[in-house]
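Please take me through this structure in the viewer, one selection at a time. At each stop, tell me what to select and what is there.

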Amino acid sequence: MHGILGWGVHLPRRRLDRTEIRPVAGAGGGRGTRTVASYDEDTTTMGVAAARDALAAADARPRTLWFATAEPAYLDKSNATAVHAALRLDRAAGAYDAVGSVRSAMGALRAALDGPGPALVVASDLRTGLPGGTDEAAGADGAAALLTGSDRDGTPLAELVAWTSLSEEFLDRWRPPRAAASRTWEERFGEQRYTALGLEALKLALGEAGLAAADVSALAVAGLHARAARAVAAGSGVPAERIADRLDGAVGNPGAAQPALLLAAELERAAEEGAAGPGRIVVLLTLSDGVDAAVFRTTGALAGYRPVRPVAEQIGSGAPVSYGTYLAWRGLLPVEPPRRPEPARPSASAAARNSDWKFGFVGSRGEDGAVRLPPSPLDGERHPMAGETGTVAALTVDRLAYSPSPPVIFAVVDFDGGGRLPVELTDVDEGGIAVGDRVEMTFRRLFTADGVHNYFWKARPVQNSKPDASGAEGAG
Amino acid sequence: MASRGIRDRVAIVGMGCTRFTEHWDKGVDELLLDAAGEAFTSAGVTKEQVDAYWLGTAQSGMSGLTLSRPLRLQGKPVTRVENFCATGSEALRQAAYAVASGAYDVAMAIGVEKVKDSGYQGLNAFPIPNDGTQRTLTAAAMFSMVAPAYARRYGVAEDEMRTVLARIASKNHANGARNPRAQFRKEMPIEKLCAMPAVAGGLSMFDCAGVADGAAAAILVRAEDAARYTANPLVIKGLSFVAGDGSGVTDPSYDYTSFPEVAASAADAYAQAGVTEPRAELAMAEVHDCFTPTELVLMEDLGFAERGTAWKHVLDGAFDRDGDLPVNPDGGLKAFGHPVGATGLRMMFEAWLQLRGEAPPDRRIATAGSRSLALTHNLGGYPGEMVSFVSIVGTA
């Protein structure tokens with residue numbers, strides 16, 4: 001039986017207080033916060049962050065990587081391969097994009113569960129709406145990764161019991177390529193279609209599993225049509241206290257990442273409520289151009305699973321971003337650029353030669369024992385560093401250097417296992433870091449030039465105390 | 001293996017230097033013609049009498065044609081050299097060795113930079129195609145890390161350190177104010193400098209070198225021939241150059257309070273020149289004050305002060321024009337400006353004026369007449385990964 005072997009979630013550190021929206025935009029906003037990707041994050045980098053956590057918490061090497069998003073950093077060129085490189089997966093592990101809609105993420109998960117394991121499904125999304133609109137306030141940025149496989153591949157934490165998919169072509173929400181925001185048809189039309197589809201699929205899936213609504217411990221209804229999701233939950237026959245929180249209040253709806261995020265959050269809740277024991281039924285229902293209903297049954301191993309950065313912990317640990325900065329990061333408020341030349345695009349051939357360094361953050365160790373970053377051709381041994389933590393040895397703030405979001409906060413980092421790198425910091429405010437502070441590495445997009453995204457690693461304050469071995473061992 | 005040097009074998013017999021400023025109305029060609037023309041006149045030679053040319057420019061032109069075309073040189077060897085911000089000194093070094101070798105009788109070293117056509121403040125290096133993982137930090141930010149590291153190591157309080165750095169800037173501005181060829185000709189009081197907003201780490205714009213266009217040139221001959229050209233040549237005592245291996249940026253033991261490449265090049269130059277007590281023997285030093293903390297650390301790396309004490313000597317005025325070892329009497333990079341390829345030769349130009357008694361009275365160093373040696377120090381790169389040049393020259 002195939003199932004879930006592990007997960008990782010990445011909620012960007014920045015949170016937009018929705019009450020900041022209306023005074024500026026004249027409309028929209030609301031209560032609570034939504035997550036906001038930093039200027040140096042995109043769906044690829046957020047996907048890497050979630051996937052690193054999924055791999056760090058489970059002992060399995062994926063044979064297949066699925067990367068699903070409705071906001072791909074590239075078209076024509078795969079984004080899954082960048083995730084693959086950053087994770088340092090085996091070359092023989094296939095990496096594929098599933099791009100376009102929330103539904104893509106469910107398709108990827110289904111393919112992963114159907115195919116040979118272990119497989120890694122990374123779903124990531126950036127949700128943008130026009131200022132003052134519903135999508136702006138309701139959306140979220142984030143990523144969630146699910147590691148799937150059978151008991152031959154690892155220890156299933158939740159087994160797939162049934163999957164029902166209904167496909168339907170109708171127009172509720174659409175977005176031409178490159179448009180800043182989605183457009184939607186009259187809400188009532190989509191609500192009625194989705195509500196009917198959701199209830200039908202739930203009934204079919206439970207029937208296939210030989211279960212009734214009363215057997216469901218948790219029902220998570222994902223999808224961008226919020227009213228339909230609520231209506232499906234209300235009509236499902238599952239008691240209200242077993243309906244999963246859609247995390248609208250503090251996180252928002254991260255589109256293609258929402259199904260995996262809600263499933264991860266429910267599995268974490270089930271693990272915490274360990275007293276309930278194994279055999280809990282968790283249903284994930286996703287309303288997107290049809291519906292997918294997946295029925296999972298938790299196993300005894302779930303209680304012992306420790307996610308690297310639990311969802312609840314991430315929800316509670318954000319830092320504010322002002323509405324003006326959010327708009328600037330999104331390109332919705334063009335701001336005066338730094339008066340420095342914009343950086344040149346990275347060289348494709350140089351990046352390819354050095355991809356283990358650039359994407360995988362692999363240094364070298366010489367016969368003298370010294371760790372060198374970047375790796376030296378004179379050193380015999382490759383030395384993976386992505387999972388290393390370090391200490392800030394020197395620090396500066398550069399108000400003159402080019403940055404998509406000045407100023408540049410920059411540190412000389414000495415790594416615990418040896419090696420030093422002068423490197424940009426991220427997810428940190430000026431004055432929020434000092435010499436001697438602890439940092440870890442995070443995969444980011446430094447800038448984009450000629451449409452080429454320049455991915456590399458930055459340092460940020462250590463997020464938790466758990467060891468992170470992702471990408472550190474076992475790969476080429 | 002040896003660094004034997006060319007002590008007393010080569011002499012500078014003529015020099016030229018343009019004003020360093022925002023030359024909106026002059027290009028590379030005009031700057032080269034001005035500096036070369038002044039040097040030819042100074043040495044009493046024509047361009048045909050110069051056998052070989054070395055042109056230093058970091059990025060204002062490529063190949064010897066950058067010089068041979070505007071000067072209309074025919075059939076002459078012209079070599080373009082580049083070595084970061086020490087490019088001008090590198091041109092001098094190559095020309096000196098060529099003359100010392102006997103290959104040529106007369107050589108010119110000339111440096112130029114036209115930085116103000118970029119449309120941006122500061123210096124901006126040409127991007128060499130790369131994998132996108134290189135630092136994009138400014139030099140100001142890289143050098144800004146020196147100040148807190150030094151203060152922490154030697155127990156200098158933050159506001160005291162601020163005063164030390166302002167004292168260095170104020171000294172160099174005071175010297176530049178007396179120099180008609182300098183970019184900035186205004187004195188800057190310490191209190192005003194301390195109040196400037198930070199742009200990189202704790203450094204303000206006034207902790208940074210001026211960015212200017214300019215050119216400077218020298219004519220070199222064998223020392224025994226010098227009298228044919230001038231009664232007051234400047235004789236080369238030592239020339240040293242060290243390119244570091246860049247390990248400072250990857251080695252956790254590097255602590256940003258010194259520049260080992262500078263200390264190594266200074267030791268080599270002193271050995272070549274037979275200098276044992278630089279603080280007592282040198283009449284003056286022109287050092288690479290790209291940022292104020294750089295000058296502070298250089299005082300120790302060049303052996304002018306014991307480790308951890310330079311900040312006190314700075315506060316005591318030891319390196320003022322009337323101090324016991326005047327440093328950057330022409331204003332330095334700080335006030336004279338820093339056209340990359342020209343800077344090393346500009347430093348030599350001040351030694352040329354001061355040691356030969358040609359500096360105007362209001363800028364004359366207190367040591368003039370009593371000592372006969374000058375040092376020029378020119379670096380390029382960043383803390384932990386730099387190139388460093390040191391020369392010792394004298395009038396006898």
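The tour below goes from whole chains to domains, then to the contact between chains and to one residue. Keep in mind throughout that this is a predicted model.

**Stop 1: chain A.** Select chain A and show it as a cartoon. The chain holds twelve helices and 22 strands. Its C-alpha trace spans about 65 × 55 × 40 Å along the principal axes. A compact globule of 476 residues would have a radius of gyration near 23 Å, and chain A, at 22 Å, agrees with that. Of the 476 residues of this chain, 55% count as buried. If you draw a contact map and keep pairs with a separation of 6 or more, residues 24 or more positions apart account for 74% of the contacts in chain A.

**Stop 2: chain B.** Switch the selection to chain B. Here there are 13 helices and eleven strands. The C-alpha atoms fill a box of roughly 60 × 50 × 45 Å, taken along the principal axes. For 396 residues the compact-globule value is near 21 Å; chain B has a radius of gyration of 19 Å, which agrees. In this chain 62% of the 396 residues count as buried. Among contacts between residues at least 6 apart in sequence, 79% join residues at least 24 apart.

**Stop 3: an annotated span.** Select residues 10–191 of chain B. An unreviewed UniProt entry places the feature "domain: Thiolase N-terminal" there. The span is 41% helix and 14% strand, and its end C-alpha atoms lie 45 Å apart.

**Stop 4: two domains.** Now colour chain B by its domain assignment. Domain 1 takes in 10–121 + 213–233, and domain 2 takes in 139–209 + 236–394. The C-alpha centres of the two domains of chain B lie 24 Å apart.

How many residues of domain 1 of chain B are in contact with domain 2 of chain B? There are 35 on the domain 1 side, in contact with 30 residues of domain 2. To see where the domain 1 side comes from, select β1 (10–17), α3 (87–100), β4 (106–113) and β7 (214–222) of chain B, each of which supplies at least two residues. The helix α3(B) gives the most, with seven residues. By class, the domain 1 side that touches domain 2 of chain B divides into 19 nonpolar, eleven polar and five charged residues.

**Stop 5: between the chains.** Show both chains and select the contact region. On one side are 27 residues of chain B, in contact with 34 residues of chain A. Within chain B, α4 (139–144) and β5 (198–200) each supply at least two residues of the side that touches chain A. The largest share of that side, three residues, comes from α4(B). The side of chain B that touches chain A has 13 nonpolar, eleven polar and three charged residues.

**Stop 6: one threonine.** Return to chain A and select helix α2 (residues 43–57), where A:Thr44 is found. Is A:Thr44 buried or exposed? It is buried, because 28 other C-beta atoms lie within 10 Å, and the cut-off for buried is 20 or more. Show sticks for A:Ala73, A:Asn79, A:Ala82 and A:Val83, which A:Thr44 touches, not counting residues up to four places away in sequence. Finally, add A:Thr448 and draw a C-alpha to C-alpha distance to A:Thr44: the two residues are 13 Å apart in space and 404 residues apart in sequence.

Notes
Residues are numbered from 1 along each chain as its sequence is written. Chains are lettered from A and ligands numbered from 1 in the order in which they are written. This is a predicted model: local features need pLDDT of at least 70, side-chain atom pairs count only at pLDDT 80 or more; totals for chains, interfaces and linings use all residues. UniProt positions are given in the numbering used here, feature names are shortened, and annotations may be inferred rather than shown by experiment. Helices (H or I, at least four residues) and strands (E, at least two) are DSSP runs, numbered from the N terminus. Two residues are in contact if their C-beta atoms, placed from the backbone, lie within 7 Å. Ala, Val, Leu, Ile, Met, Phe, Trp, Tyr, Cys and Pro count as nonpolar, Asp, Glu, Lys and Arg as charged, and the others, Gly among them, as polar. A residue is buried if 20 or more other C-beta atoms lie within 10 Å of its own, exposed if 12 or fewer, and partly exposed in between; C-beta atoms are placed from the backbone. The radius of gyration is taken over C-alpha atoms; the globule rule is 2.2 Å times the number of residues to the power 0.38. Domain bounds come from an automatic or database domain assignment.
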